[in-house]
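User: I'm new to this structure and would like a close look at one part of it: the buried spots in the helices and the loops beside them. Could you walk me through that, and tell me how far to trust it?

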Amino acid sequence: MSACEQRTLPDWPMPRSCPYGPPDAYAELRGQAPSRVRIRGGEAWLVTRHADVRQVLNDNRFSADDQQPGFPIRIQLPPEPGVMSFSRMDDPEHGRLRRMALTEFTARRTRALRPEVELLVEGLLDELARGPKPVDLVANFAIRLPSLVIARMLGVPEQDEADFTEQSQVILSQEAGPEETYAAFTAMTEFLDGLVARRTAEPRDDLISRLATKYVGTGELSHQELVAMARFFLVAGHETTAHQISLSVLSLLRDPAQLAELRADESLFKPAVEELLRYWSISQDNQVRAAVAEVELGGATIRKGDGVIVAIPAANHDESVYPGAGEVDIHRNASGHLAFGFGPHLCPGASLARMELEVCLKALFTRFPSLRLAVEPEDVRFRENTIVYGLQELPVTW
């Protein structure tokens, strides 16, 4: 490719003309073969169609190993292997670690957690009810709930939860420089290193203790592998759910008719959660791969060593799969959405996230039937330049 051609490549990430929808360019891009974009440090292929995204995520010719040549760097982390545990690995190592992790995220364990999540939600709602109005629902509810849930699951002391929330936000921000990102990463790692050591020596009833007893104690899992796994759960487990909560609340507050339907029929909360996951697709640009063989994909020839970015919001707004995709419709069958990924790397915490969303949305709108925005919808502030899409704040009152 000539220097002139290179200069004409569009930049990635692409801008949004409206914060309530994906970048406008996706609609045009879905009508053509995958194309190349310019990213930090080079170029990559951008994949936007639902079918093409599914293929990339389920095809072992596209590697999730961030040590592969051409792998697009989206998060500024230390370059050593395994820093994000099995999320950035291929089989067999991916499968080995993932199987261990999945013992903690089964449907049965998620059901068992539900009463505790309901208690945590009620406690946060009690605080909201006692506090001043208006209130920022992001800082006082949406961020705190998943932080509490994942910290309790891991066995993180309550006094350290706020630190982890801040560190995760820095790690996933695209505005933080390498020094700030590495500092947050190092602080989180040092704490988890000590916590894993303590739980290995004196196990309790938490996720780290169970994995340490079952796998570290037998030599199947190293201390450092468990630290990396816990770090991945903390970063991925609270940041995504937190911003999905606040965006979901925003959607429903902007649509009183559909909110009234939910209040009248609580069975609609489950499909509503799936539709809101599809609509917002908050993991906006962190699903990346590197081709380890030549692949024909949707009319494009992707060569070994090429980087690939799968645009989850583009795929979930593919009109050939979801007609009227730009609107939230709680009656839509949104099954098949890719908000949690697809294939071997499907998010292990998907069932937990779904449960948290259903519990907190149902409880919030039941507890505060007059809940409403305290600002105009156009004045709601969104987070920009971050891996996980979300809101800076959501002022509400009742």
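Analyst: Let's begin with trust, then go through the helices, the loops, the cysteines and a pocket.

This is a predicted model, where local features need pLDDT of at least 70 and side-chain atom pairs count only at pLDDT 80 or more, while totals for chains, interfaces and linings use all residues. Residues are numbered from 1 along each chain as its sequence is written, and side-chain values use heavy atoms, with hydrogens and water left out.

So how confident is the predictor? The score to look at is pLDDT (the predictor's confidence in each residue, from 0 to 100). Its mean over the chain is 91, and 96% of the residues reach 70 or more. Residues 1-6 are another matter, with pLDDT below 50; beyond near neighbours in sequence, that stretch has six contacts in the model. Contact here means heavy atoms within 4.5 Å. Where pLDDT is low, the predicted coordinates should not be read in detail.

Now the helices. Helices (H or I, at least four residues) and strands (E, at least two) are DSSP runs, numbered from the N terminus. "Buried" is under 20% relative accessible area, "exposed" is over 50%, and "partly exposed" is in between (1.4 Å probe, protein chains only).

Take α7 (residues 144-154), which holds M153. M153 counts as buried because its relative accessibility is 8%. Who touches it? Leaving aside neighbours within four places in sequence, M153 is in contact with E104, F105, L113, D206, L207 and L352. D206 is 53 residues from M153 along the chain, yet their C-alpha atoms are separated by 5.6 Å.

L148 sits in α7 too, and at 9% relative accessible area it is buried. With neighbours within four places in sequence set aside, L148 is in contact with L120, L124 and E161. For a pair that stays apart, try L148 and G326: they are 178 residues apart along the chain, and 32 Å separates their C-alpha atoms.

Moving on to α8 (residues 161-172), you'll find Q167 there. Its relative accessibility is 15%, so Q167 counts as buried. Leaving out neighbours within four places in sequence, Q167 is in contact with A184, A187 and M188.

Then there's α4, whose buried residues are H94, G95, L97, R98, M100 and A101. They are covered by parts that include α10 (207-216) and α11 (223-253). G95 has 10% relative accessibility, which is why it counts as buried. From G95 to R38 is 57 residues in sequence and 32 Å in space, C-alpha to C-alpha.

What happens in the loop just before α4? P92 is in the loop between β3 (62-63) and α4 (93-102), and the peptide bond from D91 to P92 is cis, with omega near 10 degrees. S85 is in that loop between β3 and α4 as well. Although it is not a glycine, S85 has a positive phi of about 55 degrees, and at 1% relative accessibility it counts as buried.

Other loops have similar oddities. K133 and P134 are joined by a cis peptide bond, with omega about -5 degrees; P134 is in the loop between α5 (107-130) and β4 (135-136). S281, in the loop between α13 (269-280) and β5 (288-291), is not a glycine but has a positive phi of about 45 degrees. S281 is buried, at 1% relative accessible area. Why point these out? Most residues other than glycine have a negative phi, and most peptide bonds are trans.

A word on cysteines. A disulfide is a pair of cysteine sulfur atoms within 2.5 Å, and a search of the whole structure finds zero of them. C347 is in no disulfide; its nearest cysteine sulfur, on C360, is 16 Å away. C347 counts as partly exposed because its relative accessibility is 31%, and C18, at 36%, is partly exposed too.

Last, the pocket. On a 1 Å grid over the protein atoms alone, a pocket is an open set of points where a 1.4 Å probe fits, with protein on both sides within 12 Å along at least five of seven lines; lining residues have an atom within 4 Å of a point. Grid points are joined across faces, edges and corners, and a volume is the space filled by probe spheres set on the points. The second largest pocket has a volume of about 460 Å³. Of its 21 lining residues, the closest to the centre are M14, R16, Q284, E384 and N385.
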